[in-house]
Every structure is written in structure tokens, then in C-alpha cells.
Amino acid sequence: MDHLQRVKEEFTRQAATFASSAAITDEQLTIRFSEAVGANGEGTILDVACGPGIIAAALAEKARELVAFDLTPEMLEHARRRCANAGRTNVTFREGSATDLPFAASSFDAVVTRLAIHHFTEPRRVFDEMLRVLRPIGTLVVADVVSSENADESGLQNAIETLRDPSHARMLALSELVSHVEGAGFAIETQSTWDKPRELDEWMGIVNDPIRVAPLRTVVRALAQAGKTAGMGLSLADGRTVFFHRWHLIVARKPPA
Ligand SMILES: C[S@@+](CC[C@H](N)C(=O)[O-])C[C@H]1O[C@@H](n2cnc3c(N)ncnc32)[C@H](O)[C@@H]1O
């Protein structure tokens, strides 16, 4: 199956559980992301791989116009409902792949993307596209989970992630994420990193596929018992398997023309 088809299949099934996950809808995360957009957040914004519209609905409060863009129609449907419930009338919804953004060059004052880079098989191509559709001096805000810089730990964490959700292409190390942003031609202004504690059961539940995740839970728990942290703090606490997701948020600018 082609990767984009796999993404659609996964996020069609995960749409409802993802949209209602407390870890994903965490208001502090949304506020942190929204504040990062700054003054260009009052202009025209593109949310790439918007999912159920958590960030789109928040940013649309101040934006003149916002385009919520995603590959998965079911996710766009959730985004539509979330924006309608929030009374946002300045949001349009577009379906397509981030690798070929269907927008003219320099169309947006800000381009944002959250929790999506690790689903792209060609992340650099998506950064090139985001640079193209952003106007000069426009703002890019990208936030994603990142892996350990250690290749073995990164390999193990990515293996766990892909077994849980095969639409996970590859979680980049922080240095790789930075190098994609700079390599595409953006000038980085600020960056921040934080660890978000997660519970294995809650995280596995989001994929909404008990037959797939039951054996994986056992394997990941055994890794934790054996002291393999996978670079994500995998461990046991009060009988629960816990870990963290390391987030990295970058605010960057397209250089002047
Ligand atoms: C983990 S969700 C993140 C959703 C949202 N950005 C958020 O932070 O709540 C990943 C989303 O990326 C979308 N996606 C994955 N690959 C894509 C692609 N090539 N083009 C557009 N959307 C894509 C999926 O459909 C899914 O909605």
C-alpha cells in the first residue's frame, strides 16, 4: 500500500480518538503553539496537516483567514465541526498532500504545522513547499515530537512508533528537524524543547485498533522492565508503563525577497 493511502486509512480510523485525546487537546500546548505565531497570526494562515482542527480553531480567532489543509477527509470533517462549534467563520477546508500544496507562491502570512512532520516520507519536500507558499518575511511555526540523537535509541523509538501506527514515517532527531528547516531556506528565530509525560495505555488507545496494540503493549512493557528506555524515558511507575514525548517547536521566517 502506498504511504499516503496508509495515512488516510490510519487517520480515518483514529480521527475520533485522536480528536478527543486529552494529551492532544491539552490547552497549554495549544496556547504555547498559538503564541509562537506572533503578529503574522493576524493575517492569512495555512495549517498544514491540520488533523481535527485543534490548532486551526485556536488560530482562527485572531487570523483574517485560515486554510485548514489535510490528506484525510475524516480529519477535515472533525476540523469543520470544531471550527463551527467555536463560531469560526473565516476557515476554509482543503484536502490534499503537503508534498504538493495547491496554493500559489507567497499566498500566506504564516504557515504552521503541528505533529505531522513524522508522518512525511519526504519531510524536506514539505518544507520546500511551505517556504514556497509563505510570503517573504512570513512566519513558519513547526512543532513535532523528536527522537534521541543516539541512532540506536532513535531506531528503537521509531520502530515502536511504526508498529503502533504504520503511518508514522520517521520521527527526526532535533538536529535533523533543524537542518530541514534551515536547509529549505528558513531563518530560525526561536526554538524550545519540552518533554510531555505519556502513559503507554492512553497512547496506544488512540490508534483504536486493539488487535494490533495488545501484543505491542506486552513488548514495550518488557523493554521497560529490561531497562531499555528507547531514548524516551520508557519505564514502569506504579505498575504502569510510562514514557515521554520530546517536543520541539521552531519559529522561523522566510527571508526577504
Ligand atoms: C498526528 S495528526 C496531527 C494533526 C494536527 N496537526 C494536530 O496537531 O492536532 C497528523 C495529521 O497529518 C495528516 N497528514 C499526514 N500526512 C499528510 C500529508 N502528506 N499531507 C497532508 N496531511 C497529512 C494526517 O491526515 C493527520 O490528520
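**Figure 1. The largest cavity of the predicted model.** The largest cavity holds about 30 Å³ of space, in a model that is predicted rather than experimentally determined. The structure contains one cavity of 30 Å³ or more. Its lining is formed by Val-146, Ser-147, Ser-148, Gln-157, Gly-231, Met-232, Phe-244 and Arg-246. Sorted by class, the lining of the largest cavity comprises three nonpolar, four polar and one charged residues.

**Figure 2. The ligand and the residues around it.** The ligand is surrounded by 19 residues, of which Ala-49, Asp-70, Thr-72, Ala-98 and Arg-114 come nearest. Helix α1, which spans residues 3-20, provides the largest share of this shell, with four residues. The shell around the ligand is made up of 12 nonpolar, five polar and two charged residues.

**Figure 3. Polar atoms beside the ligand.** Thr-72 places a polar side-chain atom 2.6 Å from an oxygen atom of the ligand. Backbone atoms also approach the ligand: a backbone N or O atom of Ala-98 is 2.8 Å from a nitrogen atom of the ligand, and a polar backbone atom of Leu-71 lies 3.2 Å from a ligand nitrogen atom. The ligand taken alone exposes 600 Å², and the protein buries 98% of that area. Thr-72 and Ala-98 are also among the residues that come nearest to the ligand.

**Figure 4. The largest pocket, which contains the ligand.** The space taken by the ligand is the largest pocket of the structure. This pocket has a volume of about 710 Å³. It is lined by 42 residues, and those closest to the centre of the pocket are Phe-11, Leu-115, Ala-116, His-118 and His-119. By class, the lining of the largest pocket consists of 22 nonpolar, 12 polar and eight charged residues.

**Figure 5. Helices and strands that line the largest pocket.** Both helices and strands contribute to the lining of the largest pocket, and at least two residues each come from α1, β1 (44-48), α4 (54-59), β2 (65-70), α7 (151-164), α9 (200-206) and β8 (240-253). The largest share, six residues, is supplied by α1. Helix α1 likewise gives the largest share of the shell around the ligand.

**Figure 6. The second largest pocket.** About 270 Å³ of space lies in the second largest pocket. Of the 13 residues in its lining, Ser-34, Glu-35, Ala-58, Leu-59 and Lys-62 are the closest to the centre of the pocket. Two elements, α3 (27-37) and α4, give two or more residues to this lining. The greatest contribution to the lining of the second largest pocket comes from α3, with five residues. By class, this lining has four nonpolar, four polar and five charged residues. Helix α4 also supplies at least two residues of the lining of the largest pocket.

Definitions and conventions: Residues numbered from 1 in each chain as written. Predicted model: local features only at pLDDT ≥ 70, side-chain atom pairs only at ≥ 80, totals over all residues. Heavy atoms only, no water. Near = heavy atom within 4 Å. Polar contact = N/O pair within 3.5 Å; in protein donor to acceptor, adjacent residues only side chain to side chain. Areas by Shrake-Rupley, 256 points an atom, 1.4 Å probe, with all protein chains shown as cover. 1 Å grid on protein atoms, 1.4 Å probe; cavity = no way out; pocket = protein on both sides within 12 Å on 5 of 7 lines; lining within 4 Å. Sits in = over half its atoms within 2 Å of the grid points. Nonpolar A, V, L, I, M, F, W, Y, C, P; charged D, E, K, R; others polar. Points joined across faces, edges and corners; volume = space filled by probe spheres on them.
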